Structures are given as structure tokens and as C-alpha cells.
Amino acid sequence: MGLSVTISAAGAGDAEQILKLQYLCYQSEAELYGDWSIEPLTQPLDAVRAELAEGYGLVARLGDEVIASVRARTDEDGTVHIAKLIVHPRMRRHGIGGRLLDAIERHFAGPDAATKRFQLFTGHRSEGNLRLYRARGYAPVDTREVGPRLTLVTLEKAA
């Protein structure tokens, strides 16, 4: 009998597992853009803890192992900024990223929520990410060149 993937709120006790998974997951992005100094690879554990404390995070688990995660925070204008949606390389293409994205949106949506829009960003060559976001209703609203090899694409959808 196989284990089911469960999604739950991330707590401070998950920060170390999230950081290790983040480091693993962003290796492919660093290779794609030829830049191993990207923030997800240099972020300290205290910064992950702070993001979880100041915003909201989710983890997907297979048994006790954190295999995916996402973090988000709301700004004063009602924009939910979704960040660092990561899925363990061996678990990709099984719908876990989409499930996490749906779950984080549900957390911030609702009749009493002040959420107006959801926003996230990814690199211009990150085709899998762009495909997932577009399939979930996100549309590009901005691009910003951050280096000779990387342009960030900001995508958004209404709440």
C-alpha cells in the first residue's frame, strides 16, 4: 500500500526541511541560468523561518518527508505574493505543484478576504513553471531583466 501526499500548513519546525528541499530544487534553475548565486540558494535558515512567521506556508508530505512547499504573503493593496513553489525533482509532473498552488490560493481567498489578486514570478526560460502558472489562470503582467541571462516574468490573476 502506497503513501498519500498530504498538504498542511508549514510551521517553524518545517523550516530546515524546506530550506534543504529549496536548495535541491533550485539547482536546476541555477544551471538553466548559469547563476548559482540566486537568492533561493543563498537564503539562510533564519530568513526561511521569518518568511513562515510573517506570511503563510504550506508543505506537501509523503509520509514524514517534506516533498514540496510554497510560501505567500499579502501586501496592503490586497495582492498575495506567492513565492518559492518547489517540488522535489523525483515528485515532479504528478500534480503536486498545482495542488499546492490551489491550496495557497484557497487559504487567501474567501468571502471575507481582502485579497484582490495573486501574483508570482519566474525566470523567462523556466518553461515548466510558466506552463503550470498559465494553466492555473495566471497571465504575464511584467518582465524585468535582472542580468544578462535572466529576465523575470511576473504573472498575475484576479482573486
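**A quick tour of the fold**

Color the chain by secondary structure and walk from the N terminus: the order you'll meet is β-α-α-α-α-β-β-β-α-β-α-β-β. That comes to 6 helices and 7 strands. Keep in mind that you're looking at a predicted model.

Now zoom out to the whole protein. Its C-alpha atoms fill a box of roughly 45 × 40 × 30 Å along the principal axes. The radius of gyration is 15 Å, which agrees with the value near 15 Å for a compact globule, because the chain has 159 residues. Turn on contacts if you like: of those with a separation of 6 or more, 60% join residues 24 or more positions apart.

Switch to a surface next. About 8700 Å² is exposed, with carbon and sulfur atoms supplying 51% of it. Of the 159 residues, 43% count as buried.

Time to go inside. Select Ile-82, Ile-96, Leu-101, Ile-104 and Tyr-138: within the largest nonpolar core, which has 25 residues, these touch the most other members. To see what feeds this core, show strands E2 (56-62), E3 (65-74), E4 (79-87), E5 (117-123) and E7 (151-158), plus helices H5 (96-108) and H6 (127-135); each gives two or more residues. H5 makes the largest contribution, 6 residues.

Center on Tyr-138. Leaving out residues up to four places away in sequence, Tyr-138 touches Ile-82, Leu-101, Glu-105, Phe-118, Gln-119, Leu-120, Tyr-133, Leu-155, Glu-156 and Lys-157.

Then pick Ile-18, Cys-25, Ile-38 and Val-48, which are among the 15 residues of another core, apart from the largest one.

Last stop, the charges: select the 20 positive and 21 negative ones, whose mean positions are 5 Å apart.

Definitions and conventions
Residues numbered from 1 in each chain as written. Predicted model: local features only at pLDDT ≥ 70, side-chain atom pairs only at ≥ 80, totals over all residues. Heavy atoms only, no water. Helix = DSSP H or I, 4+ residues; strand = E, 2+ residues; numbered from the N terminus. Rg over C-alpha atoms; globule rule 2.2 N^0.38 Å. Buried < 20%, exposed > 50% of the residue type's maximum accessible area, 1.4 Å probe, protein only. Contact = heavy atoms within 4.5 Å. Areas by Shrake-Rupley, 256 points an atom, 1.4 Å probe, with all protein chains shown as cover. Lys, Arg positive; Asp, Glu negative; His and termini not counted. Charge placed at Lys NZ, Arg CZ, Asp CG, Glu CD. Core = buried A, V, L, I, M, F, W, Y, C linked by side-chain atoms within 4.5 Å.
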